[in-house]
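Please load the coordinates into the viewer and keep the sequence panel open. The tour below proceeds by selections, each followed by an account of what is found there.

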Amino acid sequence: MTPPSAPRIVGSEPLPTAVAGAWPQGGEPETWLLSVSRYTAAMDPGAPGTILDAGERERAGKFLRAEDRERYTAAHLGLRELLGAYLGISPADVPFTREACPGCGGPHGRPAVSGTPLHFNMSHAGDLVLFAFAGSPVGVDVEKLQPASVVDQVAESLHPKERAELDALAPADRPAAFARCWTRKEAYLKGLGTGLSRDPAVNYVGTGLSAVPVGPWAMTDIPVDEAISGGSGYAAAMALLSSLPHV
């Protein structure tokens, strides 16, 4: 898989051609980035009530903090806008569903769109929301860089080889290396559909500048800091299934 360039920006670049099937079925995956603050400022105030479904509106209303509510609303509106453009339908008509969980078989696996082989995933952190679309299962994760104290605590949950790599680095270099590793790991687990219910220490994805594939899953780092002004201090990654799955 060709390493992706910086994601395109939702709301500032043309959306995918609004023709059914005009999405990357056999080609490279496509990534998009949304700034919650800018998207919200330009958003039609009536959009949440006319585009989001009842469940999404109910969940948005349960957030106590305005910033959490705005992030959720912007992320789901942006996702519907992109999916609607890819599939040639109204954003409000995108028929979401959930695949079966690979762990227990319950209906809480990867999010999906009924009746189409288009795969997608999204992640958000701080002011950013990252989306990926592909013709095979895909997962993405975006995270804000964490202070060394947080890195030292969470690093205990990594693969032993990854922990050793972090221990070998100077303290100042560990936050960026940890962020590379963690976003790859979360992207992979989201692509599988398990999320963190699967032990993140099981699979090795590496902390270095080159991502390490996991079986048929290709790992690539996403340069979000290059894509949007004010995006500095984030790391992101994508995992894409490239052949028959095995874990």
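A residue is called buried when its relative accessible area is under 20%. By that criterion Tyr86 and Phe133 are both buried. The model is a predicted one.

**First selection: the four-stranded sheet**

Select strands β1, β2, β6 and β5, which follow one another in that order in an open sheet with mixed pairing. β1 (8-9) and β5 (119-125) each have a single partner strand and stand at the edges, so one side of each lacks a neighbour in the sheet. Next, restrict the display to β5 and β6 (residues 128-134): seven bridges join these strands in the antiparallel sense. For one register point, label His124, whose bridge partner in β6 is Val129.

Now add helix α4 (residues 66-87), which packs on this sheet and touches β1, β2 (30-35), β5 and β6. The direction of α4 makes about 25° with that of β6.

Within α4, select Thr73. Thr73 has a relative accessible area of 10%, and is therefore buried. Beyond its neighbours within four places in sequence, Thr73 is in contact with Pro48, Leu52 and Ala60.

**Second selection: aromatic pairs**

How many aromatic pairs does a search of the whole structure find? There are five. Start with Tyr86 and Phe133: the ring centres are 4.7 Å apart and the planes lie at 45°, so this pair is tilted. The pair links distant parts of the chain, since Tyr86 belongs to helix α4 and Phe133 to strand β6, 47 residues apart.

Then move to Phe178 and Trp182, whose ring centres are 5.8 Å apart; their planes are at 20°, so this pair is stacked. Both residues lie in helix α7 (residues 174-192), and because they are four residues apart, about one helical turn separates them. Phe178 is buried at a relative accessible area of 6%, and Trp182, at 12%, also counts as buried.

For a ring with a charge over it, select Lys161 and Tyr204. The charged end of Lys161 sits over the ring of Tyr204, 4.6 Å from the ring centre.

**Third selection: helix α7**

Display α7 in full. Its 19 residues should span 27 Å at 1.5 Å a residue, and the C-alpha atoms at its ends are 27 Å apart, in agreement. Is α7 largely enclosed or largely open? Of its 19 residues, 16 are buried, so the rest of the structure largely encloses α7. Just after the helix, inspect Gly193, which takes a positive phi of about 95°.

**Fourth selection: strand β9 and its partners**

Finally, select strand β9 (residues 234-241). Eight of its eight residues are buried, so β9 is largely enclosed by the rest of the structure. Colour the side chains by direction: Tyr234, Ala236, Met238 and Leu240 point one way, while Ala235, Ala237, Ala239 and Leu241 point the other way, all of them buried.

Add strand β7 (residues 138-144), which runs antiparallel to β9 and is joined to it by seven bridges. Here Glu143 has Ala235 of β9 as its bridge partner. Then add strand β8 (residues 217-221), which pairs with β9 in the antiparallel sense over five bridges. In this pairing, the bridge partner of Trp217 in β9 is Leu241.

Conventions: Residues numbered from 1 in each chain as written. Predicted model: local features only at pLDDT ≥ 70, side-chain atom pairs only at ≥ 80, totals over all residues. Heavy atoms only, no water. Pairing = 2+ DSSP bridges. Helix = DSSP H or I, 4+ residues; strand = E, 2+ residues; numbered from the N terminus. Contact = heavy atoms within 4.5 Å. Axes fitted to C-alpha atoms, helices over the stretch in contact; angles between N-to-C directions. Phe/Tyr/Trp six-rings, centres within 6.5 Å; stacked < 30°, edge-to-face > 60°. Buried < 20%, exposed > 50% of the residue type's maximum accessible area, 1.4 Å probe, protein only. Lys NZ or Arg CZ within 6 Å of the ring centre and 35° of its normal. Expected span 1.5 Å × (residues − 1).
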